[in-house]
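Hi,

Here is the structure I said I'd pass along. Have a look at it first, and my notes on what turned up are underneath.

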Amino acid sequence: MSEPFSVPVTVRGYETDVQGHLNQSVYLNYAEHARWSLLDAAGITQAALIGSGVGPVALETTIRYLRELLAGDEVDVTCGFEWGEGKTFRIQQTIRKKDGTVAAEITAVGGLMDLKARRLVANPGEVLKGLATDPGLL
């Protein structure tokens, strides 16, 4: 099995709360950064999405906080899509410290919206793979 797509991130001091922990909302920023980085690596830009008349939408996000992250911690944020039969898909993500400790697990449900009809498109995985120069990443 190949390693999941991941991006490195270093926790910055201004992202922490009064206790010195990474602020809860920043976990979502890290997850979003990894998702867009994966799309970019697959050859899908925001301009290409808009030009094709679709845009990604978040429908649900769950975060499990497992270990604290502090300023200066270096982490890898993974990202993997799980395609189903319907109009939605899952994104599984892990934020892992360099020593292998899992700091958080993020599960999201998303879809692709037709920007004119304002409705989710059928088969979002096929639409994204059709836009990709490297669909194997998806």
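**What I found**

Let's start with the inside: the largest nonpolar core has 32 residues, and Tyr-30, Leu-69, Val-77, Phe-81, Ile-95 and Leu-138 have the most contacts inside it. Strands E1 (5–10) and E3 (74–83), together with H1, E4 and E5, are the elements that each give two or more residues to this core. H1 supplies the largest share, seven residues. Do keep in mind that this is a predicted model.

Leu-69 is a good one to click on. Leaving aside residues up to four places away in sequence, Leu-69 touches Val-11, Gly-20, His-21, Leu-22, Tyr-27, Val-75, Ile-95, Lys-97 and Ala-103.

Now for the rings. The structure holds four aromatic pairs. One of them is Tyr-27 with Tyr-65: the ring centres are 4.9 Å apart and the planes sit at 80°, so this pair is edge-to-face. Because Tyr-27 lies in helix H1 and Tyr-65 in strand E2, the pair ties together parts that are 38 residues apart in sequence. As for exposure, Tyr-27 is buried, at 3% relative accessible area, while Tyr-65 comes out at 43% and counts as partly exposed.

Trp-83 and Phe-89 make another aromatic pair, this one tilted, with 5.0 Å from centre to centre and 55° between the planes. Trp-83 has 26% relative accessibility, so this residue counts as partly exposed; Phe-89, with a relative accessible area of 5%, is buried. Add Phe-81 and you have one aromatic cluster, made up of Phe-81, Trp-83 and Phe-89. You'll recognise Phe-81 from the list of residues with the most contacts inside the core.

You may also want to look at the pockets. The largest pocket holds about 240 Å³ of space. Its lining is made of 16 residues, with Glu-32, Arg-35, Pro-56, Val-57 and Ile-91 lying nearest the centre. Helix H1 (24–41) and strands E2 (54–65), E4 (88–97) and E5 (102–114) are the elements that give two or more residues to that lining. By class, the lining has 13 nonpolar residues, one polar and two charged.

One last residue: is Ala-58 buried or exposed? Ala-58 is in strand E2, and with 66% relative accessibility it counts as exposed, since the cut-off for that is over 50%. The C-alpha atoms of Ala-58 and Val-109 are separated by 6.3 Å, although these two residues are 51 residues apart along the chain.

Shout if you'd like to go through any of this together.

Cheers

Methods. Residues are numbered from 1 along each chain as its sequence is written. This is a predicted model: local features need pLDDT of at least 70, side-chain atom pairs count only at pLDDT 80 or more; totals for chains, interfaces and linings use all residues. Side-chain values use heavy atoms; hydrogens and water are left out. On a 1 Å grid over the protein atoms alone, a cavity is a set of points where a 1.4 Å probe fits but cannot get out, and a pocket is an open set with protein on both sides within 12 Å along at least five of seven lines; lining residues have an atom within 4 Å of a point. Grid points are joined across faces, edges and corners, and a volume is the space filled by probe spheres set on the points. Helices (H or I, at least four residues) and strands (E, at least two) are DSSP runs, numbered from the N terminus. Ala, Val, Leu, Ile, Met, Phe, Trp, Tyr, Cys and Pro count as nonpolar, Asp, Glu, Lys and Arg as charged, and the others, Gly among them, as polar. Buried means under 20% relative accessible area, exposed over 50%, partly exposed in between (1.4 Å probe, protein chains only). A nonpolar core is a set of buried Ala, Val, Leu, Ile, Met, Phe, Trp, Tyr and Cys residues joined through side-chain atoms within 4.5 Å. Contact means heavy atoms within 4.5 Å. Rings of Phe, Tyr and Trp (its six-membered ring) pair if their centres lie within 6.5 Å; planes under 30 degrees apart count as stacked, over 60 as edge-to-face and the rest as tilted.
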